[in-house]
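Okay, thanks for making time, everyone. I'd like to walk you through one strand and its neighbours, and then say a word about cysteines. Let me put the structure up.

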Amino acid sequence: MREQTASLLPEPHIPPHRIAGIDEAGRGCLAGPVVACALILPEEYDLPGLTDSKKLSAAKRRVLAAAIKEQAVCWSLGLSWAPEIDRVNILQATFLAMSRAAARLSSGADFLLVDGDKTIPAHLLDPDMDQRSVVGGDLIVPAISAASILAKTWRDHLVKKLDKRYPGYGLAGHKGYGTAEHLEALRRIGPSPIHRLTFRGVLPRSGKKERQSCLPGI
């Protein structure tokens, strides 16, 4: 996996301890923040089973998350909450969360590997920061895989706490995604302050032309 990471880098080669992987969790949810993680792994690490967080059970993610935190050179999180998501759209909010995570890395990074097919807008990053997008990076780049696991486990923990503050939606179970249970709760009691009002299903339909996002995350 380290060889795959190295093949993505420009010349001259950047030392692994200066390369950060970035991924996010919660982009397609109806409630809660989108959470990004930026993470630098050392040259040598022992993380058996490391892969995309979506491929792992919750129990396996928790075990790996603890090991990642112990072994990572550094890691940090960036968030964008529902009001900002509604104001700038989910794609731009995701970029903001990613840029905040990158800016908070305690050891800094010279190069970012960003999961997906888009890079972070340059004006949101340090002028000296270089980056590259990696389609399917959470499967083939260890630092991105690790970032996806920390983003997912941290967000899941947060949403469980939010479930106690905003009961009735079942947030602890579905983590804010648009399940039948969640949509029924929205129809019954309406949205909370942490819901994304521009996402379809959060607000009742008005009968006029639908202006809400039909596919959250697009």
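**A strand covered on both sides**

So, look at strand S2: Val34, Ala36, Ala38 and Ile40 on one side are all buried, and so are Val35, Cys37 and Leu39 on the other, so both faces are covered. Keep in mind that this is a predicted model. In a regular strand, side chains alternate between the two faces of the sheet, which is why I split the list that way. Counting along S2, residues 34–40, you get seven buried out of seven.

Now, who are the neighbours? Strand S1, residues 19–25, pairs with S2 in the antiparallel sense, over five bridges. If you want a spot to zoom in on, Ala25 stands opposite Val35 in S2. Then there's strand S3, residues 74–80, which also pairs with S2 in the antiparallel sense, here over seven bridges. At that pairing, find Ile40, with Cys74 of S3 standing opposite.

That brings me to the cysteines. How many disulfides does a search of the whole structure find? Zero. Cys74 is in no disulfide, and the nearest cysteine sulfur, the one on Cys37, is 9.6 Å away. For a disulfide the two sulfurs would have to be within 2.5 Å, so that pair doesn't qualify.

And is Cys74 buried or exposed? Buried, because its relative accessibility is 4% and the cut-off is under 20%. Cys29 counts as buried too, because its relative accessibility is 0%.

Okay, that's my bit. Over to you.

Technical notes. Residues are numbered from 1 along each chain as its sequence is written. This is a predicted model: local features need pLDDT of at least 70, side-chain atom pairs count only at pLDDT 80 or more; totals for chains, interfaces and linings use all residues. Side-chain values use heavy atoms; hydrogens and water are left out. Buried means under 20% relative accessible area, exposed over 50%, partly exposed in between (1.4 Å probe, protein chains only). Helices (H or I, at least four residues) and strands (E, at least two) are DSSP runs, numbered from the N terminus. Two strands pair if DSSP finds at least two bridges between them.
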